[in-house]
Amino acid sequence: MSQNPIVPPGIYIADPAAKVWDDGRIYVYGSRDENPGYYCSWTYHVLWSDDLRNWRIAENVLTSKGIGDEIPYSDAILYAPDCSYKDGIYYLYYCLASSENTEGVATSSSPLGPFRKGTVMNPSVLRQIDPAVFIDDDGQAYYVWGQFSAKMAKLKPGMMEIDENTIKDGIVTEKEHFFHEGGYLVKRNGTYYFIYAHMGRANRPTCIGYAMASNVWGPYRYGGVIIDNDHCDPAVWNNHGSIVQFNGKWYVFYHRSTHASNTMRKACLEPITFNEDGTINEVEMTSQGAGPPLVATNQIDAERACLLFGNTRIIMESSSNEILSGIRNDDKAAYKYVDFGTGIDSVLLRVRSVGNGGVIDVGIDQPWGKSVGQVHVPPHSKDWMVISTPVKKTEGVHAVWLRFYGKDDVLFEVDWLRFK
């Protein structure tokens, strides 16, 4: 579905590199998280869509260990990838979590893989991370990689080797541009945009930032922040993403942490706009993503929350369902945005108590929501129940806030909400 995140319960795709190929579809290449104990996994999935509303997943397009292993020289975990296309071949550039032979490339005749015959890149890019490839208007391909100080070099025509004589360090840096990692290069109206994980807020790379230049080699001038994923989860640490034009509009792809773990992340996207001088306006995280506001009278799954404050986090309740859990007194969750149409006058919440229960205050708009009603959750109701409560009549489009109150360390859990 179009709402954020764009992956279903139980699927965790991070570091999204979005591409639009000649077939007009959009493809998202990213790492796949699977365990709160470590980043990423030994396989890649690919997300793809015709319309940004309906998403499909191609699973295990490249594997580094076990069944279908196409990287025979290493069994290391696969970190953030990127994909490029030339002359009928798709090139998937990957990054291995190992001390040697870190970056490589595999190929396929399909954007959905399977990608075969993983090959080591030049020794000059060993022990680095986050490869990205950009092809300029003249057909020259450039390879970007690195942490703290971004490196770039030309790719040779075969797309599988860098020209070591062209390596340039310091394309963007932590000191001048807040660059942390996750470089990604695109071009718009003659301007080059270097997109990256931005380290400029709260001493964490929670932002997607950008720098601009009139030449592919720079110098790049700092542009600012496109999106910040702070407060998507209590344990959020990093961000990583890309920008892309699709059907005439531009979008930023990024990820959010979940499950109170900085190693469990989900791909999301937001529309973005440019100013006349080419700068990009910062956007907020939303629940609606590329789609219209959520319909208030439809079920709104709790894991669609775009902001979490306090101890509240999203967890797996079953293999096909995620919920809000760990809820404590004065925690908050926000859903942006919800369309109430010509009016609603009650709310239903599916909840279960894990202690003495408490109160869910339902509010709209900023900063924490103007109260329109309260839901009282009874104590020790270990089974799921649907509680219906009258609320003040509300019309139009609003942010919805759930504010939680109670006396126990952990109060209750929330599965979904719906207005009527």
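This passage describes the overall build of a predicted protein model and then turns to its charged side chains.

The fold is made mostly from one kind of element: alongside one helix, the protein has 30 strands. Computed along the principal axes, the C-alpha trace extends over about 70 × 50 × 40 Å. A compact globule of 420 residues would have a radius of gyration near 22 Å, and the protein agrees with this expectation because its own value is 22 Å. Of these 420 residues, 59% count as buried. The chain also brings remote stretches of sequence together: among contacts with a separation of 6 or more, 58% are between residues 24 or more positions apart. The protein exposes about 16,400 Å², and carbon and sulfur atoms supply 47% of that area.

Charged side chains come next. The protein carries 39 positive and 50 negative side chains, and the centres of the two sets lie 3 Å apart. A search of the whole structure finds 20 salt bridges.

One of these joins R265 and D15, with a distance of 3.7 Å from N to O. The two partners sit 250 residues apart in the chain, R265 in strand β18 (residues 261-272) and D15 in strand β1 (residues 13-20), so the pair links distant parts of the chain. R265 counts as buried because its relative accessibility is 2%, and D15 counts as buried too, at 5%.

A second salt bridge pairs R116 with E70, whose closest N and O atoms are 3.1 Å apart. Here 46 residues separate the partners: R116 belongs to strand β8 (residues 116-120), while E70 lies in the loop between β4 (55-63) and β5 (78-86). R116 is partly exposed, with a relative accessible area of 38%, whereas E70 counts as buried at 17% relative accessibility.

In a further salt bridge, the closest N and O atoms of R204 and D230 are 2.9 Å apart. Both residues are in loops, R204 between β13 (191-198) and β14 (207-213) and D230 between β15 (221-228) and β16 (242-246), and their positions lie 26 residues apart in the count along the chain. D230 is partly exposed, with a relative accessible area of 23%. Salt bridges with shared partners also join D15, D33 and R265 into one network.

K151 offers a contrasting case. This lysine lies in strand β11 (residues 151-154). K151 is buried yet has no salt bridge, and D169, the nearest side chain of opposite charge, is 4.1 Å away. Beyond its neighbours within four places in sequence, K151 is in contact with several residues, including Y143, W145, K168 and D169.

Technical notes:
Residues numbered from 1 in each chain as written. Predicted model: local features only at pLDDT ≥ 70, side-chain atom pairs only at ≥ 80, totals over all residues. Heavy atoms only, no water. Helix = DSSP H or I, 4+ residues; strand = E, 2+ residues; numbered from the N terminus. Rg over C-alpha atoms; globule rule 2.2 N^0.38 Å. Buried < 20%, exposed > 50% of the residue type's maximum accessible area, 1.4 Å probe, protein only. Contact = heavy atoms within 4.5 Å. Areas by Shrake-Rupley, 256 points an atom, 1.4 Å probe, with all protein chains shown as cover. Lys, Arg positive; Asp, Glu negative; His and termini not counted. Charge placed at Lys NZ, Arg CZ, Asp CG, Glu CD. Salt bridge = Lys/Arg side-chain N within 4 Å of Asp/Glu carboxyl O.
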